[in-house]
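Open the model in your viewer and show it as a cartoon. The stops below say what to select next and what is there.

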Amino acid sequence: MRIGEVSLLTNDVTKLADFYKKLLEIDNESNDPVHQTLIAEETMLTIYNDGSVKNNKNQNICLAFTVDDVEKEYRRVMELGAEIIEPPAARPWGAVNMSFYDPDRNMIYLRSFPGNAG
């Protein structure tokens with residue numbers, strides 16, 4: 001068994017999907033206000049409005065993306081206007097992490113593993 005999809009539930013699919021399109025530097029060629037699939041690899045990332053009102057207090061979940069250069073991505077995230085939780089910092093296990101909030105206040109981590117490939 002493997003995870004097939006991670007879905008971010010939101011009140012504003014277009015706004016949140018547009019943020020992730022810029023963050024991930026992708027274009028899914030969709031402006032659907034109800035459901036958008038952004039990554040369609042082994043594990044999909046979708047943005048979805050299931051009709052219920054969200055409180056945007058997403059305190060029990062975060063997304064982590066592995067990147068080649070956290071410092072470079074940190075500058076891009078700042079340009080997107082995201083609220084930074086923690087700037088890039090080296091971790092004892094060898095990763096360099098940073099964290100920020102997306103427009104719905106989901107916690108996002110970007111991490112790299114200097115000296116390792118991805």
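Start by selecting helix α1 together with β1, β2 and β3: α1 lies across these three strands and runs at about 20° to β2. Axes here are lines fitted to C-alpha atoms, for helices over the stretch in contact, and angles run from 0 to 180 degrees between N-to-C directions. Helices (H or I, at least four residues) and strands (E, at least two) are DSSP runs, numbered from the N terminus.

This is a predicted model, in which local features need pLDDT of at least 70 and side-chain atom pairs count only at pLDDT 80 or more, while totals for chains, interfaces and linings use all residues. Residues are numbered from 1 along each chain as its sequence is written, and side-chain values use heavy atoms, with hydrogens and water left out.

**The sheet of three strands**

Keep β1, β2 and β3 selected. They form an open sheet in the order β1-β3-β2, with mixed pairing. β1 (5-9) and β2 are at the edges with a single partner strand each, so one side of each has no neighbour in the sheet. From one strand to the next the twist averages 20°. Two strands pair if DSSP finds at least two bridges between them; β2 and β3 (residues 44-48) are antiparallel, over five bridges. Pick Q36 and you will find I47 of β3 opposite.

**Along helix α1**

Now select residues 13-24. This is α1, with twelve residues, reaching 16 Å from its first C-alpha to its last. Buried residues (under 20% relative accessible area; exposed is over 50%, partly exposed in between; 1.4 Å probe, protein chains only) in α1 include V13, F19, Y20 and L23. After the helix comes E25, whose phi is positive, near 55°.

Show the side chains of D18 and K21. They meet in a salt bridge at 3.6 Å, N to O; the term means a side-chain nitrogen of Lys or Arg within 4 Å of a carboxyl oxygen of Asp or Glu. D18 and K21 are three residues apart in α1, about one helical turn. D18 is partly exposed at 30% relative accessibility, whereas K21 is buried at 10%.

Next pick S30, in the loop between α1 and β2 (35-40). Which residues is S30 in contact with, leaving aside its neighbours within four places in sequence? They are K21 and Q36, contact meaning heavy atoms within 4.5 Å.

**The sheet of four strands**

Select β4, β5, β6 and β7. This open sheet has the order β4-β7-β6-β5 and mixed pairing. β4 (62-66) and β5 (83-90) are its edge strands. Five bridges join β4 to β7 (residues 107-112), and the two run parallel. T66 stands opposite R111 in β7.

Add α1 again: it lies across β4, β6 (96-101) and β7, at about 25° to β4. Helix α2 (residues 70-79) packs on the sheet too, touching β5, β6 and β7. In α2, the side chains of R76 and E73 meet in a salt bridge at 2.9 Å, N to O, and both residues are buried. Salt bridges that share partners join E25, E73 and R76 into one network.

**The core**

Finish with Y20, L45, I47, F100 and L110. Of the 22 residues in the largest nonpolar core, these touch the most other members. Such a core is a set of buried Ala, Val, Leu, Ile, Met, Phe, Trp, Tyr and Cys residues joined through side-chain atoms within 4.5 Å. α1 gives the largest share, six residues.

How values were computed
The expected span of a helix is 1.5 Å times one less than its number of residues.
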